[in-house]
Amino acid sequence: MLSGEALILYEAHDEHERLYQWLEQKLGDKLHVAHRGASTLSVLAIAATGLGLALIPSPLQQVTIPGLAYRRLDEPALHANLMLVRRVVEPNQTVAAFLALACRTE
């Protein structure tokens, strides 16, 4: 699968590092990190040049870059922690209503 493949990863931060360790454990082998990118666009651009494979969140497959192909990983245990980012003061009432619903704790 990914064992031995040149990988393009995001710069290592705590959350990413845990994901990489989990992936190594699943593969039973060390990752071959060929390149690291500081931004999503840089990771995608490096992958488009053919320098390796990148693991990215699935919504990014909407970004069209010539020479780049997206393939879904079939791993039910794979998940991501997401954060809701918003303006401090939201003037749009529709967005404010969505935020109230999204931030509701049950």
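This is a walk through a predicted model, starting with its paired strands and ending with its salt bridges.

Let's begin at strand β1, which covers residues 6–10. Four of the five residues in β1 are buried, so the strand is mostly covered, given that buried means under 20% relative accessible area. To see what β1 pairs with, look at its two partners one at a time. One of them is strand β2, made of residues 32–37. The two strands run parallel, and five bridges join them. If you would like a landmark for this pairing, pick Y10: its bridge partner in β2 is G37.

The other partner to visit is strand β3, a run at residues 53–54. Here too the pairing with β1 is parallel, this time over two bridges. A handy pair to display is L7 with L53, since L53 of β3 stands opposite L7. As a reminder while you rotate the view, side chains in a regular strand alternate between the two faces of the sheet.

Now for the charged side chains. How many salt bridges does a search of the whole structure find? There are two. One links K30 with E24, and the closest N and O atoms in that pair are 3.8 Å apart. K30 has a relative accessible area of 61%, which makes this residue exposed because the cut-off for that class is over 50%.

The other salt bridge brings together the side chains of E90 and R87, with an N to O distance of 2.7 Å. Are these two residues buried or exposed? E90 is buried, because its relative accessible area of 16% falls under the 20% cut-off. R87, at 48% relative accessibility, counts as partly exposed.

E90 deserves a closer look, so let's stay with this residue and its surroundings. You will find E90 in the loop between β3 and α3, the latter being residues 93–102. The pair with R87 also appears as a polar contact between the two side chains, at 2.7 Å. In addition, a polar atom of the E90 side chain lies 3.0 Å from the backbone nitrogen of N92. Which residues does E90 touch once those up to four places away in sequence are left out? They are V95, A96 and L99. Taken together, the picture at E90 is of a buried residue whose side chain meets R87 in a salt bridge and which also touches V95, A96 and L99.

Notes:
Residues are numbered from 1 along each chain as its sequence is written. This is a predicted model: local features need pLDDT of at least 70, side-chain atom pairs count only at pLDDT 80 or more; totals for chains, interfaces and linings use all residues. Side-chain values use heavy atoms; hydrogens and water are left out. Buried means under 20% relative accessible area, exposed over 50%, partly exposed in between (1.4 Å probe, protein chains only). Two strands pair if DSSP finds at least two bridges between them. A salt bridge is a side-chain nitrogen of Lys or Arg within 4 Å of a carboxyl oxygen of Asp or Glu. A polar contact is a pair of N or O atoms within 3.5 Å; within protein, one must be able to donate a hydrogen and the other to accept it, and residues adjacent in sequence count only if both atoms are side-chain atoms. Contact means heavy atoms within 4.5 Å.
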